[in-house]
Amino acid sequence: MPKSYLFLFFVFFTSIGFSQDMKEGFTYLETGKYDKAETFFENILKEQPKNKTARLCYGRAIGLNGQPEKAYKLFTNLLNDYSDDFEVKLNYGESLLWNKNFPEAKIYFKGLITEDPKSFAALLSYANTLSNLKEYDEALKHVNIALEVSPGNPNALTSKKYMYLGYAYQKQQEQKYDEAETFLKENLKLFKNDKDTLLNLANLYLISNQLEKAKNTYNILKENPKNMLTALNGLALVSHLGGKEKDALNTSKTAYDSLKKDTNPVLTQQTTERYVQALIWNKKFKNAQIIIDNLIKEKPNENWILSLRATLNIYRSEFKKSVTDYNQILKNQESSFDGNLGKANAMKALGFYNKAYQSAENTLTFYDNQKDASNFIKELNTTFTPFYEGKASYTFDNGKNEAYSLQNSAEFPLSTKFKLFGSYNYRTTNNSVTKNKATSNDLSVGLSYQLLNNITFKGTVGVTSAKAETDDYTQLLTDLSFSIKPLKLQSLDIGYKREIQSFNADLLDREIVQNNLYANYNVSTNFNLGWFTQYFYTWQNDDNGRNLLFTSLYYNILSKPSLKAGLNYQYITFKNQVPSIYFSPEKFNAGEIFVNLIKDEAVTKPKEWFYELTAATGLQYIEDDSSQSTYRIQAKLGHKFSDRCLANLFGTRSNIASATAAGFTFTEIGIRFKWYLFKKPFFRE
């Protein structure tokens, strides 16, 4: 918030003798040596207790020296003694400001400028009072009037500067970024390349994601050697927000290496903090740990150091350790932004969603409308907001099978732990060679419940109704699973699933029921390597059985957008071989290399595009036959129309034999639509 600069220095003369006697005291006041001024005028008053000038100056000294209530009482007594003295009135008004009694000060100074419309002191004090009340339009109007009375007055210009800064901040909080930018640029006309204004302007560009403008602003700031470290710290942050982590580290290292023993302690802290953050962003955790450990030894309870260690542990997925540090930060300072919002992120990662909400809302109690905290709550709300999702697709293969399907699903969370969902799917398929046709209707309902912060149960039950050439039937469908996070960077899903082979009309006609026990296991690392494994054990009502193993080793190359590459291997074996009915080899092996590029819809902003592209190629071995080359292409392109609505096209083409139950090369194209039914979760006010 802007500071109020109330530079009202009055020299009062009751006689030439008094003026000469008190010249030393006036100098103390004008040079900000308020403790010496207090002692000086206190001694004068011991000899001359009724001296008006000494009383005024003593009142100003104690008021400006941190005793506003005592000063207010003194000026109240003075006003009683000299009720018509305008200078006494001005000082009484200023004592109201020292005591932050801005509403009363507003009324009082308004009366003074009515009494004397040309009083520069009254006009400037009134303008500063309005500024403190965040009534910036009127504040600017009256500071301009003050400047008409005293053109170019430096105190009035300084006040105007902070009014513009305050007004810009107010507009920034209201997310009226263009208006905020206008006020800051007006400030730069008054004070060319002013550091405070440039920093506020750069911060505005960062918040509004105008990274190139932020970069240019920091470069202007860098032109002054005194601002070099501040500018480099800002430029490093710009690079990070733009996904250029190596640039961020190089820039930050330049600043860090230039630190000297006599560098301003605040700048030293800011530069060290940014450098450690840059190391963390680049996953150079050991280097970051060494610096943090040394800092902890020197200052074991400093919030900014604890925050760095907590951030490092967040990136390492050591969320419990992060919470410990954030709790200590909040013990030191209840209003800590890093403590409150950092704890919210850690609690979310641990699965304590209600506590995550609480910490984020605590942040907003101290930082009204803060964008990061507001966005955190908004994103968390999206996780628990009811939605509808619909898909329509067309599938065909080189076995002359065609299929059209409509899939409809909805999810309705009733709390952060409990949600209901349901789906209805319609599929019609035919084969132009066998002339077989079939349709199926699937209806299911289910629930999900978080048993512990790291264990969630999910269960669905439903029926499928099929109409085929030789048979109409109804079968039970179900999927019961537990999602578990056993250790950091690991996830495990285990479950049972009952389904019908419905890829084509011939399979639907045979009413083949599959019972599956399955497990999915994923391991991530802090060095970008990941490993995913899936296993299915299947038994069928046609007395056949299947074992399926799929494993993928991948490396995360980029994070924004996500780019990863890796190796996949798949092994399948069937108990009985019935190739005339469905793909069922005694042994099947396939290996492929793949590349995956994705801009996730979850992190896409409204009115932006999202996409995904996977390309893979490899070899497959069916029984003891010679190898066959394989390929797989999957693509998605979508648009986020608003926070609540998105749609995308999708397509797949693959000649991997295991991709379909019939072993054919197949192609699928479709469209998907997702709509959040409400603006926020049903269970949150």
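**Exercise 1. A pair inside one helix**

Task: K253 has 38% relative accessibility; classify K253. Then say which residue forms a salt bridge with K253.

Solution. This is a predicted model, so every value here is computed from predicted atoms.
Step 1. Buried means under 20% and exposed means over 50%. At 38% relative accessibility, K253 therefore counts as partly exposed.
Step 2. Look for the partner. D257 forms a salt bridge with K253. Their closest N and O atoms are 2.8 Å apart.
Step 3. Place the pair. Both residues belong to helix α15 (residues 245-257). They are 4 residues apart there, so about one helical turn separates them.
Step 4. Recall the helix rule. An α-helix has 3.6 residues a turn, so residues three or four places apart point the same way.

**Exercise 2. A pair between two helices**

Task: Which helices hold D325 and R309, and how many residues apart in sequence are the parts that this pair ties together?

Solution.
Step 1. Check the bridge. D325 and R309 form a salt bridge, with the closest N and O atoms 2.8 Å apart.
Step 2. Locate both ends. D325 lies in helix α19 (residues 319-332) and R309 in helix α18 (residues 303-315), so the pair ties together parts 16 residues apart in sequence.
Step 3. Judge the exposure. D325 has 5% relative accessibility and counts as buried. R309, at 26%, counts as partly exposed.

**Exercise 3. More salt bridges**

Task: How many salt bridges does the count come to? Which residues are linked in a network of salt bridges?

Solution.
Step 1. Start from the principle. Side chains of opposite charge can pair when their charged atoms come close.
Step 2. Take the total. The count comes to 28 salt bridges.
Step 3. Find the network. E389, E601, E612, K636 and R672 are linked by salt bridges.
Step 4. Try one more pair. E608 bridges to K599, and the closest N and O atoms are 3.4 Å apart. E608 is partly exposed at 29% relative accessibility. K599 is partly exposed at 25%.

**Exercise 4. Helix α14**

Task: Is helix α14 mostly covered or uncovered? What covers its buried residues?

Solution.
Step 1. Take its length. Helix α14 (residues 228-241) has 14 residues. It reaches 20 Å from its first C-alpha to its last, close to the 20 Å expected at 1.5 Å a residue.
Step 2. Count the buried residues. They are 11 of the 14, so α14 is mostly covered. Among them are L229, L232, L235 and V238. N233, S239 and H240 are also buried.
Step 3. Name the cover. It includes α12 (195-207), α13 (211-222), α15, α16 (265-281) and α18.
Step 4. Look past the end. G243 follows α14, and its phi is positive, near 80°.

**Exercise 5. K213 and its contacts**

Task: Which residues does K213 touch, leaving aside its neighbours within four places in sequence?

Solution.
Step 1. Place K213. It lies in helix α13, and with a relative accessible area of 38% K213 is partly exposed.
Step 2. List the contacts. K213 is in contact with E181 and Y205.
Step 3. Compare sequence and space. K213 and L201 are 12 residues apart in sequence, and their C-alpha atoms are 9.1 Å apart.

**Exercise 6. Unusual backbone angles**

Task: Where do N369, K607 and P561 lie?

Solution.
Step 1. Recall the usual case. Most residues other than glycine have a negative phi, and most peptide bonds are trans.
Step 2. Take N369. Its phi is positive, near 60°. N369 sits in the loop between α21 (353-366) and α22 (371-383). At 41% relative accessibility, N369 is partly exposed.
Step 3. Take K607. Its phi is positive too, near 70°. K607 lies in the loop between β12 (588-599) and β13 (608-622). K607 is exposed, with a relative accessible area of 68%.
Step 4. Take P561. A cis peptide bond joins K560 and P561, with omega about -10°. P561 lies in the loop between β10 (545-558) and β11 (562-574).

**Exercise 7. A cavity**

Task: Which strands each supply at least two residues of the lining of the second largest cavity?

Solution.
Step 1. Count the cavities. There are 2 cavities of 30 Å³ or more. The second largest has a volume of about 30 Å³.
Step 2. Read its lining. T395, F396, D397, N401, E402, A403, R427, T429 and F503 line the second largest cavity.
Step 3. Assign the strands. β1 (387-397), β2 (401-413) and β3 (418-431) each supply at least two lining residues.
Step 4. Sort the lining. It divides into 3 nonpolar, 3 polar and 3 charged residues.

Technical notes:
Residues numbered from 1 in each chain as written. Heavy atoms only, no water. 1 Å grid on protein atoms, 1.4 Å probe; cavity = no way out; pocket = protein on both sides within 12 Å on 5 of 7 lines; lining within 4 Å. Points joined across faces, edges and corners; volume = space filled by probe spheres on them. Nonpolar A, V, L, I, M, F, W, Y, C, P; charged D, E, K, R; others polar. Salt bridge = Lys/Arg side-chain N within 4 Å of Asp/Glu carboxyl O. Buried < 20%, exposed > 50% of the residue type's maximum accessible area, 1.4 Å probe, protein only. Expected span 1.5 Å × (residues − 1). Contact = heavy atoms within 4.5 Å.
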